[in-house]
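Reader: Hello! I am new to this structure and would love a close look at its charged side chains, with a little about their surroundings. Could you walk me through that part slowly?

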Amino acid sequence: MNIIHPEIEKYVRLHTSAENKVLQRLNRETHAKILRPRMLSGHMQGKLLEMISHMIKPEKIVEIGTYTGYSAICLASGLEPSGKLITIDHNPELEDFTRGFFDEAGVADSIEYIIGEALDVLPGIKGPADLAFIDADKENYHLYYEMILNIMRPGGIILVDNVLWSGKVLSEAAASGDVEAESLIAFNEKIQNDNRVENVLLPFRDGLTIIRKL
C-alpha cells in the first residue's frame, strides 16, 4: 500500500533540505551493495530524525537496529557535545561497512556500536536516556519497548518505525499469517492503552510512532 501519493511524496522531498554528501553516498552504496536496502531510513525519515534530535539535544540515545548506519548518523547529529548514541545490531557482516560511514560522517567518537542481540544487550545499558529509536524485528517490539521505557527519563522520546506495515495493520484478515503484522497490531494497541506514555502515530513512510514517557 502506498500510504502517500507518489506525486505528493516527490513534492515533499523537493521541499525538504537535501541529504548531505555522506548520507547521499551511504544511500547509494546501501542500494548498490547491501541486501534489503528498503530497510534504510532514507532522506525524508532521516531529516525527521535529525530534526527531533536537534530539538531534544540528547545526552544519550539508544537505537535498536543499526543496519548500515543512516539513522544513527542522523540521530547523532543532534547530540550534545558530551553525548553518546548506543546503537545495537545483530548482523556482524555490516560492521565494517557501517563503521566506515560513521568515520566519514565524523560521528564515530559519539557512537557506541554494539553487535549482538538487543534483548541481551539492553539490560546492561544504564539510563537515563533522552531519545530512543526502535527499528528492528517486529515480533520483539513489545519487549524492546518495555526495556527501553525503563531507562528513559520522564519526558524522554521513543520513536518506533514501520508501525503501519504497508497497511496490513488495518485488518486482522490482512494481517493473518503475517507474524510481523500481527505483532504490530498488538504493539500499536499496547501503546494506545499504556497510561505511562502519550503517543502519536504518524502516517509517514511506513508509519512512525512518537511516544513520550510521562
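Author: Happily; what follows is a tour of the salt bridges, then of a charged residue without one, and then of some surface and buried neighbours.

Please keep in mind that this is a predicted model. A search of the whole structure turns up 13 salt bridges. Let us look at some of them in turn.

We can begin with R25 and E104, which form a salt bridge whose closest N and O atoms are 2.3 Å apart. R25 sits in helix 2 (residues 21-33) and E104 in helix 5 (residues 95-105), so this pair ties together parts that are 79 residues apart in sequence. How accessible are the two partners? R25 has a relative accessibility of 31% and counts as partly exposed. E104, with 38%, also counts as partly exposed.

Next comes the pair E146 and R196, whose side chains meet in a salt bridge at 2.8 Å, N to O. Here too, distant parts of the chain are linked: E146 belongs to helix 7 (residues 141-151), while R196 is in the loop between helix 9 (179-192) and strand 6 (197-202), and the two are 50 residues apart. E146 is partly exposed, because its relative accessible area is 24% and partly exposed covers the range between under 20% (buried) and over 50% (exposed). R196 falls in the partly exposed class as well, at 34%. This pair also has company: E146, K190, D194 and R196 are linked in a network of salt bridges.

Another salt bridge joins R205 to D161, and its closest N and O atoms are 3.8 Å apart. R205 is in the loop between strand 6 and strand 7 (208-213), and D161 is in strand 5 (residues 152-161), so the pair ties together parts that lie 44 residues apart in sequence. The surroundings of the two partners can be set side by side: R205 is partly exposed, with a relative accessible area of 31%, whereas D161 is buried, with a relative accessible area of 1%.

Now for a charged residue without such a partner. E63 is buried yet has no salt bridge. Where is the nearest side chain of opposite charge? It belongs to R205, 11 Å away. The cut-off for a salt bridge is a side-chain nitrogen within 4 Å of a carboxyl oxygen. E63 itself is part of strand 1 (residues 60-64). Setting aside residues up to four places away in sequence, E63 touches S71, A72, L75, L85, I86, T87, I88 and F133.

Charged side chains also gather on the surface. E117, D120, D137 and E139 form a negative surface patch. One of them, D120, lies in helix 6 (residues 118-121). D120 is exposed, with a relative accessible area of 63%.

The surface has a nonpolar patch to compare with this one. I8, Y11 and V12 make up that patch, and together they have about 290 Å² of accessible area. Y11 lies in helix 1 (residues 6-14), and V12 is in helix 1 too. Y11 is exposed, with a relative accessible area of 52%, while V12 is partly exposed at 34%. V12 also has a spatial relation to M44: the two are 32 residues apart in sequence and 8.5 Å apart in space, C-alpha to C-alpha.

To finish, let us return to helix 2, where T30 is found. T30 is buried, with a relative accessible area of 0%. Apart from neighbours within four places in sequence, T30 is in contact with P37, L40, Y67, T68 and F97.

Y67 gives us the other side of that contact. Y67 lies in the loop between strand 1 and helix 4 (70-76). Is Y67 buried or exposed? At 9% relative accessibility, Y67 counts as buried. Beyond residues up to four places away in sequence, Y67 touches T30, I34, L35, R36, P37, M39, L40, D89, L94, T98 and Y113. The C-alpha atoms of Y67 and T87, which are 20 residues apart along the chain, are separated by 9.7 Å. T87 has appeared before, among the residues that E63 touches.

Terms used: Residues are numbered from 1 along each chain as its sequence is written. This is a predicted model: local features need pLDDT of at least 70, side-chain atom pairs count only at pLDDT 80 or more; totals for chains, interfaces and linings use all residues. Side-chain values use heavy atoms; hydrogens and water are left out. Patches are made of residues with over 30% relative accessible area and no salt bridge: like charges are joined within 9 Å, nonpolar side chains (Val, Leu, Ile, Met, Phe, Trp, Tyr) within 5 Å. Accessible areas come from the Shrake-Rupley method with a 1.4 Å probe; for residues, only the protein chains shown count as cover. Lys and Arg count as positive and Asp and Glu as negative; His and the chain ends are not counted. The place of a charge is taken as NZ of Lys, CZ of Arg, CG of Asp or CD of Glu. Helices (H or I, at least four residues) and strands (E, at least two) are DSSP runs, numbered from the N terminus. Buried means under 20% relative accessible area, exposed over 50%, partly exposed in between (1.4 Å probe, protein chains only). Contact means heavy atoms within 4.5 Å.
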